[in-house]
Amino acid sequence: MQSKLPRLLCALPLLLPLACKDPDTLSVQTRDQKFQAKMSEGQALLNSGEPEQAARAFEAASGLMPDNPEPLLRVAEARRREGNTGASILALKRAMTLNPGQAPEIKRKIAERHEQDGRPRDAISVLLELRDADELGDLDVLRLARLQTREGQHQAAFQTLERILRERPDDVDAKVVEAEILQDKGEEVLATKLMDRLLTEQPGLAAARMLRARYFLRNGYAEYAEQDLSAVQGEEAAKPEFVSLKARVLTQLERHADAEALLTATVAKYPQNADLIGRLAETRLTLGNKAGALAAVEQALKAQPDSARALYVRGRLQEAQGDTKRAKEDYGFALQENPRLVPALSRMWRLQQQAGEKEEALVSLERLVGSGEASLEEKVALASLYAETRRRPEQGLKLIAEALKQDAGNPEYLDIQKALKKALPRKKKSGPIIMRGRW
């Protein structure tokens, strides 16, 4: 008994605070501890790649603190990573219902997640809801304008951006987005002048570096694009948008293994970004890894069944197996989702031409040339179809003149030019001029 007494005396100071607390206080403290434990458990499970179990832990935490929307936001993230989009959206709606005052901030998170997952149209829809409720901050305005630009909504993007430019005409971030709109519209001279001015004033401006890299890439100067991207560091260099652009540059430089390594690492971080996974599939296909490409396509379509890029790569796989019918179907599905998807247009017009579908091939080529990313071969093909169908000869002559600058003596180009000139409307002969009026 004597031996136990010192232990009891030592434990007494620890027991006294508990003894002094009423049962309600103890209950709250116990609940708080359980809540924190469940939140920590859920985050650990999420970090270890077990989203389903993580969602259960966060749901348990939500039950302990039903007035706190944070566990539901974590549930939404866990369900998103699990690939259960419906459950993720439901959790976010529950969080907004729980705390309506926090709805604008939750919607911003939803828009950000849509963008991270490569769902620009969904992100635009949420940001427009915020705009209609007069809840858009400046960062939201810039994000909305940028997303609208990438969806080809140039007029809407200018209107969105006008709010900032009207109040602060020299706002640097807004000027970068303005340059992006101009570049996407095809007004490259104005866009490049604006980009160069911005980078002269602020060489470390990541958004302007990325924009100029896109310009270099579109015009066949991948090595200059890589130089601009090398100046982007830190958090900006880890975002899906940057990684996607860098992978394109590496592909253009034929450094496909480097592109695969970069995409693989980023997909692990953003497992629901179907566009990134689709790019990984395309890279693997280029490297000859058809099985790996198919696995990535299936992963992308599980995350986003209507992923345009994944559908396009599936079409490439079908075409590689000689199944041009199913390949055309997949390219068509991809273009239904994203009519501006350049690689799908580039494959589609060739299959249409092979099948004798001249009208369809002409439309695909017009969209491709309109994107500003058509190859010289594709410009010549469109000029040739214009000559054959005797339509738009003026536009055809501009395209063939561009080709002749690179190869002035090419007999094919000269024949197309001759045919286009014949298709030009003849000028009407004017009759005698009769002067009227007083002399």
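In this predicted model, the largest nonpolar core comprises 52 residues, and I400 and L420 have the most contacts inside it. The biggest contribution to this core comes from helix 22, residues 376-389, which supplies seven residues. A look at L420 gives a feel for the surroundings: beyond its neighbours within four places in sequence, L420 is in contact with A383, Y386, A387, P393, G396, L397 and I400. Another core lies apart from this one and has 41 residues, including A54, F58, L130 and A145. As general background, nonpolar side chains in soluble globular proteins tend to be buried together.

Attention can now turn to a helix pair elsewhere in the chain. Helix 13 (residues 222-230) packs with helix 14 (residues 240-252) at an angle of about 145°, and the two axes are 9 Å apart. The crossing of helix 13 past helix 14 is left-handed. On the helix 13 side, the contact is made by A222, A225, E226 and L229, which meet F242, L245, K246, V249, L250 and Q252 of helix 14. Sorted by class, this contact contains seven nonpolar residues, one polar residue and two charged residues.

The loop that joins these two helices deserves a closer look. V232 is located in the loop between helix 13 and helix 14. With a relative accessible area of 4%, V232 falls under the 20% limit and is therefore buried. Once neighbours within four places in sequence are set aside, the contacts of V232 are A206, R209, M210, A237 and F242. One of these, F242, also takes part in the packing of helix 14 against helix 13. As for R209, its C-alpha lies 7.3 Å from that of V232, with the two positions 23 residues apart in sequence numbering.

On the other side of helix 13, the loop from helix 12 (206-218) to helix 13 holds N219. N219 is partly exposed, at 33% relative accessible area. In sequence, N219 and A374 are 155 residues apart, yet their C-alpha atoms are separated by 9.9 Å in space.

Aromatic residues form a further feature of this region. Four aromatic pairs are found in a search of the whole structure. In one tilted pair, F216 and Y224 have ring centres 5.6 Å apart and planes at 45°. The two partners differ in exposure: F216 is buried, with a relative accessible area of 18%, whereas Y224 is partly exposed, at 40%. Y224 also pairs with Y221; their ring centres are 6.0 Å apart and their planes meet at 55°, so this pair is tilted. Y221 is itself partly exposed, with a relative accessible area of 41%. Together, Y215, F216, Y221 and Y224 make up one aromatic cluster.

A final loop position to visit is N273, found between helix 15 (256-269) and helix 16 (274-286). Its relative accessibility of 3% is under the 20% limit, so N273 counts as buried. Leaving out residues up to four places away in sequence, N273 touches E115, Q116, D117, G118 and P240. The last of these, P240, is the residue at which helix 14 begins. N273 and V232 are thus two loop residues that are buried, at 3% and 4% respectively, while the loop residue N219 is partly exposed, at 33%.

Definitions and conventions: Residues numbered from 1 in each chain as written. Predicted model: local features only at pLDDT ≥ 70, side-chain atom pairs only at ≥ 80, totals over all residues. Heavy atoms only, no water. Core = buried A, V, L, I, M, F, W, Y, C linked by side-chain atoms within 4.5 Å. Buried < 20%, exposed > 50% of the residue type's maximum accessible area, 1.4 Å probe, protein only. Helix = DSSP H or I, 4+ residues; strand = E, 2+ residues; numbered from the N terminus. Contact = heavy atoms within 4.5 Å. Axes fitted to C-alpha atoms, helices over the stretch in contact; angles between N-to-C directions. Left-handed = near helix turned anticlockwise from the far one by under 90°. Nonpolar A, V, L, I, M, F, W, Y, C, P; charged D, E, K, R; others polar. Phe/Tyr/Trp six-rings, centres within 6.5 Å; stacked < 30°, edge-to-face > 60°.
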